[in-house]
Amino acid sequence: MTIRYPNGKLYTPNPSVQKAEKKNNKDLSFSNRGKTLEDEINEANDYYIKRRLAIIHKKPVPVQIVKVEYPSRSAAVIREAYFRTPSTTDYNGVWNGHYIDFDAKETASKTSFPLKNIHAHQMIHMQQVTEQHGVAFIIVRFSAYERYFIVPYQVLQKAWKAMENGKRKSIPLSTIEQEAYEIPTNYYPRIDYLPIIQQLIDAKCYQSESEEK
């Protein structure tokens, strides 16, 4: 099926992510075999909802279907479609009185997170969420190491501005290790990310109090 962006540009999946997923399928344990980062986040979200811990969902992406074929009376095949509007981030919801808004990203790189995996309109969206005192971030999986990090918007913003000023186009893993928050893996859910968001919120509140003093 062909899917296009609102400007007509052809949508193509990120090859590095697809390659990472294929590699991970061989290396993951049996309990996690074949799962993508999106699967793992969805699993965690289902866990939170069932236990009334949080309400966080994947955002539906509006798609306009423009070409459908009917090879038989009982079957329809979508041949071409367009994204109606540019996507913002993958997930949003409410937890403990906080508005949560984030995107999920994977990288096969062993040394850095490429900023090309983020779009300018996503940065604008996360900035707007932050201005309204929401909690905006991305969850990054380094597939080569099976390591997961919550990268706050502020860290992304600093790297994004540096890129716009002609500096490097990625965030080094060493910087992420220092300035982001690593999510430990568990049995179920594999990535229990709510406690790590609490660390992010606590650090944000402490910073705000220090600035007021």
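How many helices and strands make up the secondary structure of the protein? Colour the model by secondary structure and you should find 6 helices and 11 strands. Keep in mind as you go that this is a predicted model. Of the 213 residues in the protein, 39% are buried. Among contacts with a separation of 6 or more, 65% are between residues 24 or more positions apart.

**Stop 1: the sheet**

Select E2, E5, E6, E8, E9 and E11, and show them as a cartoon. These 6 strands form an open sheet in the order E2-E5-E6-E8-E9-E11, with mixed pairing. The edges are strand E2 (55-58) and strand E11 (181-183); each has a single partner strand, so one side of each is left without a neighbour in the sheet. Turn the view to look along the sheet: from one strand to the next, the twist averages 25 degrees. A reminder for this stop: strands of a sheet pair through backbone hydrogen bonds, either parallel or antiparallel.

**Stop 2: E5 and E6**

Now select residues 91-95, which are E5, and residues 98-107, which are E6. The two strands run antiparallel and are joined by 5 bridges. To see the register, pick Val-94, whose bridge partner in E6 is Tyr-99. Then pick Trp-95, which stands opposite His-98 in E6. The hairpin of these strands has 2 residues between them, and Asn-96 there takes a positive phi near 55 degrees.

Is E6 largely enclosed or left open? Of its 10 residues, 8 are buried, so E6 is largely enclosed by the rest of the structure.

**Stop 3: E8 and its two partners**

Next, select strand E8 (135-142). On one side, 8 bridges join E6 to E8, and these two strands run parallel. Asp-101 has Ala-136 in E8 as its bridge partner.

Add strand E9 (147-152). Here the direction changes to antiparallel, with 6 bridges joining E8 to E9. Val-140 is a good residue to label, with Phe-149 as its bridge partner in E9. E8 and E9 form a hairpin with 4 residues between them, and in the turn Glu-146 has a positive phi of about 55 degrees.

Keep Phe-149 labelled and move on to E11, where its bridge partner is Glu-182. E9 and E11 run antiparallel, joined by 3 bridges. As for burial, 5 of the 6 residues of E9 are buried, so E9 is largely enclosed by the rest of the structure.

**Stop 4: helix H2 across the sheet**

Select residues 37-50 to bring up helix H2. H2 lies across E2, E5, E6, E8 and E9, and runs at about 150 degrees to E2. Within H2, click on Ala-44. Its relative accessibility is 0%, so Ala-44 counts as buried. Leaving aside neighbours within four places in sequence, Ala-44 is in contact with Pro-189, Ile-191 and Tyr-193. Try a distance label from Ala-44 to Leu-194: they are 150 residues apart in sequence, yet 9.2 Å apart in space, C-alpha to C-alpha.

**Stop 5: the nonpolar cores**

Show side chains for Ile-41, Phe-102, Phe-137, Ile-139, Ile-150, Tyr-193 and Ile-197. These have the most contacts inside the largest nonpolar core, which has 26 residues. The elements giving two or more residues to this core are H2, E5, E6, E8, E9, E11 and helix H6 (194-212).

Centre on Ile-139 and show what surrounds it. Not counting residues up to four places away in sequence, Ile-139 touches ten-odd names worth labelling, including Leu-37, Ile-41, Phe-102, Ala-104, Ile-150, Ile-183 and Tyr-193.

For a second, separate core of 21 residues, select Leu-115, Met-126, Ala-136 and Ala-159, which are among its members.

**Stop 6: H3 and H4**

Finish with helix H3 (residues 120-131) and helix H4 (residues 153-164). H4 lies across E8 and E9, running at about 80 degrees to E9. H3 and H4 pack at an angle of about 135 degrees, with their axes 11 Å apart. That angle makes H3 oblique to H4, and the crossing is left-handed.

Which residues meet where H3 packs on H4? From H3, show Ala-120, Met-123, Met-126, Gln-127 and Thr-130; from H4, show Tyr-153, Gln-154, Leu-156, Gln-157 and Trp-160.

Definitions and conventions. Residues numbered from 1 in each chain as written. Predicted model: local features only at pLDDT ≥ 70, side-chain atom pairs only at ≥ 80, totals over all residues. Heavy atoms only, no water. Pairing = 2+ DSSP bridges. Axes fitted to C-alpha atoms, helices over the stretch in contact; angles between N-to-C directions. Contact = heavy atoms within 4.5 Å. Buried < 20%, exposed > 50% of the residue type's maximum accessible area, 1.4 Å probe, protein only. Core = buried A, V, L, I, M, F, W, Y, C linked by side-chain atoms within 4.5 Å. Parallel < 35°, antiparallel > 145°, perpendicular 65-115°, else oblique. Left-handed = near helix turned anticlockwise from the far one by under 90°.
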